[in-house]
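Student: Could you walk me through reading a structure, one feature at a time?
Tutor: Gladly; let us put the model up and begin.

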Amino acid sequence: MTDAVVIGAGPNGLVAGNLLVDAGWSVEIFEARDQPGGAVRSDRGVHPDYVSDVFSAFYPLAAASPVIAALGLEREGLGWRHAPHVLAHPLLDGRCAVLDRDRRVTAEALASFAPGDGDAWLALCELWDGLEHDLMATLFAPFPPVLAGARLAARLRAAGGLRFARRMLLPTRRFGEEEFEGEGGRLLLAGNALHADLSPEAAGSGGFGWLMSMLGQTHGFPVPAGGSSALIEALVRRFVRRGGVLHRAAPVAEVVVRGGRAVGVRTADGDAVPARRAVLADVSAPDLYTRLLDRAHVPPGIFADLRRFQWDFATFKVDWALDAPVPWSAPPAAGAGTVHLAEGVDELTRFAAQIAMKQVPDRPFALMGQMTTADPARSPRGTESAWAYTHVPHRITGDAGGAGVTGAWDEREADAMADRVEEQVERYAPGFRRRIGARRVLTPHTLQELDPNLHGGAINGGTTNLHQQLVFRPVPGAGRPETPVPGLYLASASAHPGGGVHGAPGANAAQAALHARALGRRVLSGAQRRLGGRSRGPH
């Protein structure tokens, strides 16, 4: 009998498995697909000479994560690559906001938008310098982060205390207006906040945009050398080398509960797999509670809360094999691994508002990746492996672009939306479409088919908005990986601290399982000592 079963070989499941085998547990991971990795996967599906990342591509959170760093994946062959610039946000008039790992380069770019904005950026960097270590430890720690939180609180007093907290709770629009006179700094913050589903008017989006900008400033937006699958291959090699077992094409149909405790799983083939100590689920919270668990084992309040569970935006993605680099009108964009495309913060607000109104945006905010710019091994010299994704509503009631996109996502609708994304790129890079050698379109439906955790193309395991974070993630009163079923732990992005490839949900679930085992041993040892003491009394 194995000590622990992990459901799902996404990055969080693999991190959990690695930490448990490090602790001496026997662990089996069951992955539904032939290929592990979840939403971290690369292939040559667009063109045989081009490596394309199917889902995620840039990994600032992995680079900053103490969880990932502690695994030493470089010893498993993982290498990281960086583009000359981290990020660019060009405008139609040729100006371009640039985020660079050299903060002086960033400051110079922002100063071109308004005098003093470069100094304002450097002041935000200095704030980050004093908080980064304790802030990241607090974000990635199990909730509540008692020790890391105490250290961070001490740092925050020196950083302004309540004034800092207010700043972090600001919407990005207000944050940017308070810090910068020109548009450049505001664009960096607002565009980075929309890496999640945080509009420029959302509370807390300013803090998230600042966090993502500072991560890029400090760690870059690195990519795994050779493709995103290299990250997963390193995690798998480490896990297997240390004695773990990975089952591919082995979907789990049920978490088995006996005596009120999770005792194993049953696969879709009907095989029963007992687990001596724990079951960890790298699946979405709705999937765990409504599909894998019998309703009799789930408190009714969970189902009531799950009816209010909010997914993050649906995602629509296009991959390209380009015959030549993107012909940007703003030259700095040519050196950026990531490019944001929207004509100002107002256009970002308009984009988010259209999604909120269940309208398909007519000018989609495009988050674009230039992968060969970041990693020259991705395609032949003089070409570019590129992609862009945007967001659409889960339920569509109208198409602001007038093409009649309804959310059926048949071939006509997929092509119409892909053309719209390409037209957005063309605004900032005239002649772009003439350089397309091949393309692949991934609709929200396609993304979910490729990874069932991406419900309707939601890539973050649930909204990043404040009402579904901390003790509200995935439902009110949660915030930790433990579930109402003893021995069962939620290890996916639906758990705190949420989406992004950083491994924290998997690590927190593994730590909770290990802690429960250690606590059980201490309780048993104490009981045995007490019983021993009483048994000696009559003699």
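**Reading the features**

Tutor: Let us start with one charged pair: arginine 412 and glutamate 413 meet through their side chains in a salt bridge, at 3.8 Å from N to O. Keep in mind that this is a predicted model.

Student: What makes that pair count, and are arginine 412 and glutamate 413 buried or partly exposed?

Tutor: The idea is a distance cut-off: a side-chain nitrogen of Lys or Arg has to lie within 4 Å of a carboxyl oxygen of Asp or Glu. The pair here, at 3.8 Å, meets in such a bridge. As for cover, arginine 412 is partly exposed, with 46% relative accessible area, whereas glutamate 413 is buried, at 3%.

Student: How many salt bridges does a search of the whole structure find?

Tutor: The search gives 31. Some residues belong to a network: Asp415, Asp419, Glu422, Arg433 and Arg439 are linked together by salt bridges.

Student: Which salt bridge should I look at inside a helix?

Tutor: Try arginine 174 and glutamate 178, whose side chains meet at 2.8 Å, N to O. Both sit in helix H8, which covers residues 172-179, and because they are 4 residues apart, about one helical turn separates them. Arginine 174 is partly exposed at 43% relative accessible area, and glutamate 178 is partly exposed at 32%.

Student: And how should I read the bridge between arginine 378 and aspartate 375: are its partners buried or exposed?

Tutor: The reading takes two steps, distance and then cover. The side chains of arginine 378 and aspartate 375 meet at 2.9 Å, N to O. Buried means under 20% relative accessible area. Arginine 378 is buried, with a value of 0%, and aspartate 375 counts as buried at 3%.

Student: Now cysteines. How many disulfides are there?

Tutor: A search of the whole structure finds 0 disulfides. The test is again a distance: two cysteine sulfur atoms must be within 2.5 Å. For cysteine 96, the closest cysteine sulfur is in cysteine 125, and at 17 Å that is too far for a bond. Seen from the other side, cysteine 125 has its closest cysteine sulfur in cysteine 96, again at 17 Å. Cysteine 96 is buried, at 8% relative accessible area, and cysteine 125 is buried too, at 1%.

Student: Let me step back to the whole chain. How many helices and strands does the chain have?

Tutor: The chain has 18 helices and 20 strands. To judge how it is packed, one sets the radius of gyration beside a rule for globules: the chain's 24 Å is close to the 24 Å given for 539 residues, so the chain is as compact as a globular protein of that length. Along the principal axes, the C-alpha atoms fill a box of roughly 95 × 55 × 45 Å.

Student: What else describes the chain as a whole?

Tutor: Cover and contacts do. Buried residues are 58% of the 539 in the chain. Of the contacts with a separation of 6 or more, 72% are between residues 24 or more positions apart. The accessible surface is about 21100 Å², and carbon and sulfur atoms hold 53% of that area.

Student: Where on the surface can I see a nonpolar patch?

Tutor: Look at Leu470, Val471 and Phe472, which form one with about 230 Å² of accessible area together. Phenylalanine 472 lies in the loop between helix H17 (444-450) and strand E20 (488-490), and its 39% relative accessibility makes it partly exposed.

Student: Finally, what does alanine 275 contact beyond its neighbours in sequence?

Tutor: First place the residue: alanine 275 is in strand E12, residues 272-281, and is buried, at 5% relative accessible area. Setting aside neighbours within four places in sequence, the contacts of alanine 275 include Met1, Thr2, Asp3, Val263 and Gly264. Its C-alpha is 9.5 Å from that of valine 256, at 19 residues' distance in sequence.

Student: Which alanine could I set beside that one?

Tutor: Take alanine 123, in helix H5 (residues 117-140). Alanine 123 counts as partly exposed, at 43% relative accessibility. Its C-alpha and that of glutamate 179 are separated by 9.6 Å, with their positions 56 residues apart along the chain.

Methods: Residues numbered from 1 in each chain as written. Predicted model: local features only at pLDDT ≥ 70, side-chain atom pairs only at ≥ 80, totals over all residues. Heavy atoms only, no water. Patch = residues over 30% accessible without salt bridge, like charges linked within 9 Å, V, L, I, M, F, W, Y side chains within 5 Å. Areas by Shrake-Rupley, 256 points an atom, 1.4 Å probe, with all protein chains shown as cover. Helix = DSSP H or I, 4+ residues; strand = E, 2+ residues; numbered from the N terminus. Buried < 20%, exposed > 50% of the residue type's maximum accessible area, 1.4 Å probe, protein only. Rg over C-alpha atoms; globule rule 2.2 N^0.38 Å. Contact = heavy atoms within 4.5 Å.
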